Amino acid sequence: MTMETVLSVKPFLAVLVSLVVIPFIVVSRNQNLRESWTFIAGTIKFLLVLSMLPLVLKGKVIEYTVVQIFPDLGIAFRVDAFGMLFALVASSLWIVTSIYSLGYMRSLDEHSQTRYYSFFAVALSATIGVAFSANLLTLYLFYEMLSLATYPLVTHHQDRSARTSGRKYLFYILGGSIGLALPAMLITYHFTGTLDFAAHGVMAGHINSGLALVLSLMFLFGFAKVGIMPMHSWLPAAMVAPTPVSALLHAVAVVKVGAFSVVRVFTGIVGVDTLATFHINGIICAIASITVVVASLIALSQDELKRRLAFSTIGQLSYIVLGIGLLSASGMTGGMLHIAMHAFGKITLFFCAGAIFCATGIKNISQMKGIGRQMPITMTAFLIGSLSVVGLPPGGGFISKWYLVMGTIESGQMLLLLVLLGSSFLNAAYFFPVFYNAFFLSDPEMTFENRVEEAPIWCVVPLTITAGISMVLFFYPQPFLNLAKLAVQSINGG
Amino acid sequence: MVNTLPALVIIVPLLAALMVAAAGFIDKRACFPVAVAALSVSFLGAAALLVQVVNTGLAIEYRFAGWAAPMGIVYVIDHLSALVLVVITAVSLVNLVSSKQTIHREFADKEGAFISLYVLFTAGLIGMTATGDAFNLYVLLEIASLSGYALIGLGKARAPLATLNYLFLGTIGATFYLLGVGYLYIATGSLNMADLAAILPGMKDSGIVLFAFIIMLSGLFVKMALFPVHGWLPGAYSQSSSAAAGLIAPLTTKVTVYIMVRICLNLFSVDYTFHQLNVSDFLVWVAIATIVFGSLSALAQTDYKKMLTYIIIAEVGYMVGGFFLGNRMGMSGAILHIVNDAVMTLCLFMAAGIFLWKTGSEERGDLKGLFGSMPFTMAGFVLAGLSIIGVPPTCGFFSKWYLVSGGIAAGQYAFVAALLFSSLVNAVLFFRLFEISYFEPFIDHHHGSDDGGGHGGAGAVIQEAPMAMLVPFLFVSIMLLVLGIYSGRIVTNIIHFAIPAGVI
């Protein structure tokens, strides 16, 4: 299937817009003016991405080359269905998160907010850059840019524990990308002579089975943002960051950039045919399954809410990898769709965790007894978010899990079906007690003696929005579902 | 019309060195402008030469006093030497411009002498690069070395001792080279490189030629501080003044690597170096040892300038290893790294100069709070650090791109592993410095922006370096990005032609 190509500078502009506003953010003397630059950039970015959606839905591809570094390889963008899916998620959630940042950072009177908003903008440029990359070099460039832009956000508090977490973060993320992904990329380039993402990958016919396996694993572990065990422990550590950072970056942008990169490389570089013929997909599924189960089990034992969410994220990311590893149309659709569905659900949960912290200063689940009666809106949103992440109606996560389950059946992988269902029970087991404690305890069991108010309005509105979208996506998954199906079509078609 | 640019590029700084020395006795204020003017002319000349060579694709030959080769001394400007000339003159010029205040502060009464030596050193390097005569190269090598010893000796209290150490080893290196030239002269009766290149293939089994090759190369290895003959470098560079270090550290090792490339490719020929002799594997292993040793030693330093000196040693390993991989990718990487590493090292030493100027110390612990007080300098420093680590799109990434690709193509996975190891160690080294300047001094409360505590909060007082230092520094750090973006074009349009066609 040959795709019609449209040349347009739009993808480049979508990447650039959040970089361009940084000087304005920095020089703004007034807080409100400063934050409005973020909103201006966020809105333009989202509209730019949105404006490319109709073309992409028609099956067209939008291309733009920024600079040709080598004769046959440069920094170039190519917007296809899968990239569009991710860009839509990231750019829309940036706006919501910015509203949330406004409430959270101001109510806690955080220091260095200018730096915070600046690096947030850089991180979003990098995320969209990854989504629209036309080749592995461009993807790697933006991947690294994101790693570095996130470091000052993770270590925002600048205390000793932030430093420790920052070290862990760099150790896994930079260590993985420089130590594994970079050599894998260069070895691939040496043997295949290209790094452009192709519908069927570029390895077929150039690389033997052993090397293909080694390279696939180097990519899988090297892109450590996807949090495949044992490269996962940076994620819980990174929870020292302010909650909006955890919400957008560690439930949406950073971790999903990891998942996106892995999926992109498996489909566009290694190629699904190569994965199948050399039986690499089985090994990938096994690794992902182990991560799914182990992460869910660890999540059960975490008392700090954000850490529980972090381990939940680790497990959920591996669903995406698992979906691709299934190689069946439904499995891949489910995996790609999960990028979107999980994002809206998980960001809601992080927003709730932050709202609770803002209102009460509490971080641990064991102290949240009866909190639902004090903060009903927040905790209702929490319920919706957790339904979506567990994969129950009316949460959008149900749709992606449905496709994943169908995928296991299509490929006849009953063991993986068990993993999916079993882990969903575990998901329920670590989320519902939180909700139960919040609402259904008898009066003497509750720890809240003083009446607590809901968090500031700027914290509550975003979490209502994302919870709402999570529900809407259950009834109308079309935009993301169609994109995922288109993406799978282009991989399987022809 | 005879093209006189090659002569101009060297003679202007050579004469300027004398003028500056003289001006030092009359009016010290004249020294600096004369030197800047001379180096600017030299830089423009070099740039014009590079453009000419790239456009015509032909080497430019200049005969001194009109004497024809092989009797007279000729200067040959081809793709490779033109590129290196631009690097030398640019680095020297930028560093001098940014060092005006440090020179004035550190050498109040010796300003004339220092600047004169500075320009003379540059002239020596220019000559070494441009000359097509093996013995003339030795003469210029000694001009550069002697002025280099003096420049370093003018440094801190312990500098004279470090210089003595450097002088001993440097002289041994230079003498080895001279000995090699002598043997070649005995064997062939010629000193002209092109002439030698024509004669040598006929006597490739000669023991004298072999000995000349070995001893010349050994001399150069001492001069470029390849492990295990690196001992002079850390002391000499870390004890020197900021202005001298910013000139010598980026250029000396790189120009020596250039001489090695020149001798191996154009004097002894690819065939002799890589096919006749079976030394390339051994030398790649020496390079690997250099990289590992340099990186590990850098980890052990608490003095950041000393840390940089060990990084330089590791980078020498990059270039030597890349070159002796023997394939086009590896050689391109090595030559590209001559350019990129010169700019990176310049950037780092300029940053070190600014830190020393502001804090008065070279201990890494004294970098604390700098992100708050000098955000622009630190931004440039972060860029330089990322380039040394090898993060795209900085130029350091693209050097590594070629070097690693060369290693893969040659099947030298140990070299690939060493490069990646060094990248990771560099990440540790630089993030350790970033951490100190970003986190420390620790504050107990992180809410509110009352005093900022040097944390870049609203209360932090910005005390940047003087503009005269900051602007050139930021220019160089942005060049790291520009060079990165243009890496591919530098390789295809310039370096490609510097490597003989036989190499694939």
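I started with burial in chain A: buried residues make up 63% of its 494 residues. Buried here requires 20 or more other C-beta atoms within 10 Å of a residue's own, 12 or fewer being exposed and anything in between partly exposed, with C-beta atoms placed from the backbone.

Note to self on the source: this is a predicted model, where local features need pLDDT of at least 70, side-chain atom pairs count only at pLDDT 80 or more, and totals for chains, interfaces and linings use all residues. Residues are numbered from 1 along each chain as its sequence is written, while chains are lettered from A and ligands numbered from 1 in the order in which they are written.

**Chain A overall**

I looked up the dimensions next. The C-alpha trace of chain A spans about 70 × 55 × 40 Å along its principal axes. Its radius of gyration is 21 Å, which agrees with the value near 23 Å for a compact globule of 494 residues. That radius is taken over C-alpha atoms, and the globule rule is 2.2 Å times the number of residues to the power 0.38.

I then checked contacts (C-beta atoms, placed from the backbone, within 7 Å). Of the contacts in chain A with a separation of 6 or more, 82% join residues 24 or more positions apart.

I find 20 helices and 3 strands in chain A. These are DSSP runs numbered from the N terminus, helices being H or I with at least four residues and strands E with at least two.

**The sheet in chain A**

The 3 strands make an open sheet, ordered S1-S2-S3, with mixed pairing. Pairing needs at least two DSSP bridges between two strands. At the edges I see S1 (5-7) and S3 (73-79), each pairing on one side only. Neighbouring strands are turned by 35° against each other on average, direction ignored. I traced S1(A) against S2 (residues 61-70): they run parallel over 3 bridges, and Thr5(A) sits opposite Val61(A).

**Helix H19 of chain A**

Which helices do the buried residues of H19(A) pack against? I get H4 (81-107), H14 (329-360) and H16 (376-390), also of chain A. Among the buried residues of H19(A) are Cys459(A), Pro462(A), Ile465(A), Ile469(A) and Leu473(A). I also checked the length: the 19 residues of H19 (457-475) should span 27 Å at 1.5 Å a residue, and the end C-alpha atoms are 27 Å apart, which agrees. The expected span is 1.5 Å times one less than the number of residues.

**Where A meets B**

I have 28 residues of chain A in contact with 30 residues of chain B. On the chain A side, S2, H6 (136-154) and H7 (160-192) each supply at least two residues. H7(A) gives the most, with 12 residues.

**Chain B**

S1 (residues 60-63) and S2 of chain B pair in the antiparallel sense over 4 bridges, and Arg63(B) has Val74(B) as its bridge partner in S2(B). Both faces of S2(B) (residues 74-77) are covered, with Val74(B) and Val76(B) buried on one side and Tyr75(B) and Ile77(B) on the other.

Last lookup: Asn266(B), in helix H11 (residues 242-267). Is Asn266(B) buried or exposed? Asn266(B) is buried, because 20 other C-beta atoms lie within 10 Å. Outside its neighbours within four places in sequence, Asn266(B) is in contact with Met193(B) and Ala197(B). Ile499(B) is 233 residues from Asn266(B) in sequence, yet the two are 9.3 Å apart in space, C-alpha to C-alpha.

Terms used
Axes are lines fitted to C-alpha atoms, for helices over the stretch in contact, and angles run from 0 to 180 degrees between N-to-C directions. Two residues are in contact if their C-beta atoms, placed from the backbone, lie within 7 Å.
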